[in-house]
Amino acid sequence: MTEPGKTDVVTDVTTINDQKDHADSTEDTTKDTKLYPQLIACVIDINLKIIFLLIVNLTILSSGLSYAWPSISLLSYQKRSSDFHLTSSEESWVVSALPIGSCFGPIVSALLVDRIGRKWYLYLTSIPFLASWILIYYAKSWVYLFAARFLCGFPIGSYFAVVPLYLGELVETRIRGAASMTMGLLLNLGHMIVYGIGSFADMQLVAIICAVPTVLFILLLPWIPESPYYYLKKGNEKEAELSLIWLRGTTNNKKEMKEIDEFINHEKHGDLKDLFTIPVHRKALLLLLLLLAGQQFSGMIAIQSFSGILITNMNLQLNTYMVLLILGAISALSIGVAAFIIDRIGRKPLFLVSTYIVAICVCILGTYFLLDKRGFKVQQFSAIPLVAIIVYYIALSLGLTSIPSVVSSEIFPMSVRSWATAVANMYGAVLAVIVAKCYQIVSDAWGNETIFYIFGGIEIVIATTAIFIMPETSRKSFMAIQEMLNGKTCNATKKEELSEAHVA
C-alpha cells in the first residue's frame, strides 16, 4: 500500500517537471522563432547583394564579349562561305574602331555621371551597345562592322569609369574588394563565351548571343536602387535612406548615412588643371601614364583581337577555338590569383615581373615567326610559341591588366581622381588605337616578328624606367604615398589602412 500523501507528492513533482519541460520547449521554440527570420533575412541580404553585383556587371560581361569578338569574327570573314571578306587594312580598322569610340566615354561620363546619376547614365549607354550588335547582325560590309564597333566603344569607355564607382557606392566597404574582382572575372567570362561559340555559330547567331547580356541589363537595371552617395550629393536625404534600406536590408542605417554625408562634405572639388599645375598630382599622373603605356604596348588589344589568326599561323595541331577557350580560362584563373597576391607581393614587384615576362614572351613569338619566315622547319617546335602565348596571358593577367587601375585609386586624392581617371582612360584608349592599327600595318609590311620585337623592346624600357620612379603603394596610407611622390623620406612602412580621403 502506498503511504498517505506519497501519491500527491509524486504527482506534484511530475507536474513541476512537465511544466519545466514545457517551459524549456517554449523557450527553444521562441529562440527558433527569432533565429529563423534572422537566417532568412541574412540569406536574402546576401542574395540581393549578389544579384545587384551581377546585374551591374552585365555591362562588363558585355564588354568582354565585344573585346573577344574580333578573335573569332576575323577568322569567319576569311572563310569562302562568308557573305563578304575583309582586307587586312579593313580588319585593322574594325579592331581599332572600339578603342576610338572608347576615347569619348570617359569625357562624357565625367560630365554627366553626377548630373543624371550613375544608374541612369549606365542605362542610357547600354542603348548604343545594343545597337552595335544589331548592326553586326545585318552587316553587309566592313563599314557596318566599323560603325558597330565604334558604337560599342563609347559605352565600354564609360563602363570602366562608372561601374567601379557605382559598385563602390552600392556595397559595404568590407566586400568592395570582392566586388572589384567580379569585374575581371566577368570580363574574362565574356571572352570564354565568345571562344566557346566561335566553333559552331555563324556571325548572326554570335551577334544574337552577345546581345543577350545587354538586353537583360536594360530589363533589370531599373529595379536596382541609385547610389545613396548620388542622392546625398543632390540633397535628397529621403531617397538616400530608401536606397540604403534596399541595399542593406535594414531600416537602421543612420550611422552609414552620417558617414556618407561627412565624406561628401569633406570632399574637395578639384579642377582638371590641378593635375598639371600641382607638382605632386603631375608626378602621379606621369606615373599612371607610364603604367598604362606598359599595359597597352604589351600588344594586349592587338594580340587578343588577332589571336585567332595568330594561333592559326603557329602551325599547331590543335583546334584554334579550343586553344582560345583555354587561354580565356587561364586568364580568368590568373586574375583570381592576382586578387590574392597583389597585397602580399606588392604592386611594384608584380608590375615589374609581369612586364619583363611579357617582353620575353613576345620576343619568343617574334623569333618563331622570324625563323619561319627565313625558311627554317619550325613546325616541329610549334609547342614553343603555344607555351609563350599561354605564359603571356598569365603574366598579363597577373600584373599589367590590373596594376594601373589599382595604383590609380591610391595615388590621387578624391578632389582630382575623377579627372585623373578620365584622362587616363582617354590616354589608354588612344594608345590602344595606335597599337591596334600599327599591328596590322607593321605585320603586313615587315612581318609579325617586327611588331613583336617592337612590343618587347618598349616593355623592357618601361619596366626598367619603373624600377627607378614607381613607388610601392601597397598597405601604405594616402599621406605616406603623397610623401613618396613628393620625394620626401617616408618611414611609414607599417601596414596601415588606407585613409578615408582616398577610399573610393
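**Exercise 1. Find how much surface the protein exposes, and which atoms supply most of it.**

Step 1. The protein exposes about 24300 Å², an area that comes from the Shrake-Rupley method with a 1.4 Å probe; for residues, only the protein chains shown count as cover.

Step 2. Carbon and sulfur atoms supply 65% of that exposed area.

Step 3. A word on the source: this is a predicted model, in which local features need pLDDT of at least 70, side-chain atom pairs count only at pLDDT 80 or more, and totals for chains, interfaces and linings use all residues. Residues are numbered from 1 along each chain as its sequence is written, and side-chain values use heavy atoms, with hydrogens and water left out.

**Exercise 2. Describe the protein as a whole: what is its secondary structure, and what share of its residues is buried?**

Step 1. Count the elements: there are 22 helices and zero strands. Helices (H or I, at least four residues) and strands (E, at least two) are DSSP runs, numbered from the N terminus.

Step 2. Turn to burial. Of the 504 residues, 49% count as buried; buried means under 20% relative accessible area, exposed means over 50%, and partly exposed lies in between (1.4 Å probe, protein chains only).

Step 3. Look at the contacts, where contact means heavy atoms within 4.5 Å. Among contacts between residues at least 6 apart in sequence, 81% join residues at least 24 apart.

**Exercise 3. Work out how helix α5 is placed against α2 and against α6.**

Step 1. Know what to look for: two packed helices are described by the angle between their axes and the distance between the axes. Axes are lines fitted to C-alpha atoms, for helices over the stretch in contact, and angles run from 0 to 180 degrees between N-to-C directions.

Step 2. Take α2 (residues 58–76) and α5 (residues 118–137): their axes come within 12 Å and cross at roughly 35°. This crossing is left-handed, a term used if the near helix is turned anticlockwise from the far one by less than a right angle, with right-handed used if clockwise.

Step 3. List the partners. From α2, the residues S62, S63, L65, S66 and W69 meet F129, W133 and I136 of α5. These divide into five nonpolar, three polar and no charged residues. Here Ala, Val, Leu, Ile, Met, Phe, Trp, Tyr, Cys and Pro count as nonpolar, Asp, Glu, Lys and Arg as charged, and the others, Gly among them, as polar.

Step 4. Now pair α5 with α6 (residues 142–170): the axes come within 8 Å and cross at roughly 155°. That makes α5 roughly antiparallel to α6; angles over 145 degrees count as roughly antiparallel, under 35 as roughly parallel, 65 to 115 as roughly perpendicular and the rest as oblique. The crossing of α5 and α6 is left-handed, and their contact has 21 nonpolar, four polar and three charged residues.

**Exercise 4. Follow helix α17: how does it meet α19, and is its residue S354 buried or exposed?**

Step 1. The axes of α17 (residues 347–373) and α19 (residues 403–411) come within 11 Å and cross at roughly 155°. The two helices are therefore roughly antiparallel, and their crossing is left-handed.

Step 2. On the α17 side, R347, L350 and F351 meet I403, V406, V407 and E410 of α19. By class, that contact has five nonpolar, no polar and two charged residues.

Step 3. S354 is also found in α17. S354 is buried, with a relative accessible area of 3%. Not counting residues up to four places away in sequence, S354 touches A395, L396, G399 and L400.

Step 4. Compare Y356, another residue found in α17. Y356 counts as partly exposed, at 28% relative accessibility. Leaving aside neighbours within four places in sequence, Y356 is in contact with I460, A463, T464 and I467. The C-alpha atoms of Y356 and E459 are separated by 6.9 Å, although these residues stand 103 apart along the chain.

**Exercise 5. Which residues does G190 contact, leaving aside neighbours within four places in sequence?**

Step 1. Place G190 in helix α7 (residues 176–197).

Step 2. Check the burial: G190 counts as buried, at 0% relative accessibility.

Step 3. Read off the partners of G190, with those neighbours left aside: L61, G64 and L65.
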